[in-house]
Amino acid sequence: MTTLLLSLLLLAQAALPGVRPLPAPLAVARWWDPPPTPYAAGHRGVDLSAPVGTEIRAVAGGRVHHAGPVAGRGVLSLAHPNGLRTTYEPVRPLVAEGEQVTAGQVVAVLTEGSHCPEPCLHWGLLAGEAYLNPLTLLPRPTPRLLPMAGAAGD
């Protein structure tokens with residue numbers, strides 16, 4: 001991994017609070033698979049399984065960069081602090097270009113037309129022109145130790 005890409009990932013983790021775009025639990029249908037070069041094949045985001053009609057939430061506050069069709073699919077793009085941008089498709093945006101949104105705000109509804117075999121949200125993250133793994137925005141789970149069954153004192 002290049003130093004620039006690592007720096008961008010750290011920037012993304014520090015800059016955004018990490019609200020889930022969909023209700024828990026998140027089910028990843030297809031993982032982020034960055035291309036080796038800017039024009040090579042790859043998967044520049046993650047696909048999250050969800051039924052059509054599911055509400056999509058802004059993962060962080062920002063401004064609506066784009067809300068409308070791209071290549072026949074509804075797309076929403078939110079510009080966040082520090083030059084980061086999240087994308088959501090296929091969706092019916094509930095917000096308009098230029099509008100300010102808050103973290104956790106319902107900003108779109110999932111529609112049909114995804115590239116997955118079953119309905120899914122394609123969620124992307126960009127820093128400038130570089131695609132990053134959007135899952136890095138989510139808070140890390142806190143490990144918890146549970147008592148062993150049959151331990152002394154039970």
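The side chain of Thr136 reaches the backbone oxygen of Asn133 at 2.7 Å, a polar contact in the sense of a pair of N or O atoms within 3.5 Å, where within protein one must be able to donate a hydrogen and the other to accept it, and residues adjacent in sequence count only if both atoms are side-chain atoms. Thr136 sits in the segment that follows strand 11 (130–132). With a relative accessibility of 13%, Thr136 counts as buried; here buried means under 20% relative accessible area, exposed over 50%, and partly exposed in between, with a 1.4 Å probe and protein chains only.

The model is a predicted one, in which local features need pLDDT of at least 70 and side-chain atom pairs count only at pLDDT 80 or more, whereas totals for chains, interfaces and linings use all residues. Residues are numbered from 1 along each chain as its sequence is written, and side-chain values use heavy atoms, with hydrogens and water left out.

Turning to the overall fold, the chain comprises one helix and 11 strands. These are DSSP runs numbered from the N terminus, with helices being H or I of at least four residues and strands being E of at least two. Along the sequence the order is α-β-β-β-β-β-β-β-β-β-β-β. Of the 154 residues in the chain, 39% are buried. Among contacts with a separation of 6 or more, 61% join residues 24 or more positions apart, a contact being heavy atoms within 4.5 Å. About 8,800 Å² of the chain is exposed, and carbon and sulfur atoms supply 59% of that area, as computed by the Shrake-Rupley method with a 1.4 Å probe.

Cysteine pairing comes next. A search of the whole structure turned up one disulfide, defined as a pair of cysteine sulfur atoms within 2.5 Å. The partners are Cys116 and Cys120, with their sulfur atoms 1.9 Å apart. The link between Cys116 and Cys120 is right-handed, with 75° about the S-S bond. A disulfide of this kind is a covalent bond between the sulfur atoms of two cysteines. Both ends are shielded: Cys116 is buried at 13% relative accessibility, and Cys120 is buried at 1%.

Cys120 belongs to strand 10 (residues 120–127). Leaving aside residues up to four places away in sequence, Cys120 touches Asp47, Leu48, Ser49, Ala50, Glu89, Pro90, Leu110 and Ser114. The C-alpha atom of Cys120 is also separated by 9.0 Å from that of Val28, which lies 92 residues away along the chain.

Glu89, one of the residues touched by Cys120, leads on to the charged pairs. Two salt bridges were counted, each requiring a side-chain nitrogen of Lys or Arg within 4 Å of a carboxyl oxygen of Asp or Glu. In one of them, the side chains of Glu89 and Arg73 meet at 3.1 Å, N to O. Glu89 lies in strand 6 (residues 84–89) and Arg73 in strand 5 (residues 73–79), so this pair ties together parts that are 16 residues apart in sequence. Glu89 counts as buried at 19% relative accessibility, whereas Arg73 is partly exposed at 26%. The other salt bridge joins the side chains of Glu55 and Arg57, at 3.9 Å from N to O. Here Glu55 is partly exposed, with 43% relative accessibility, and Arg57 is partly exposed as well, at 33%.
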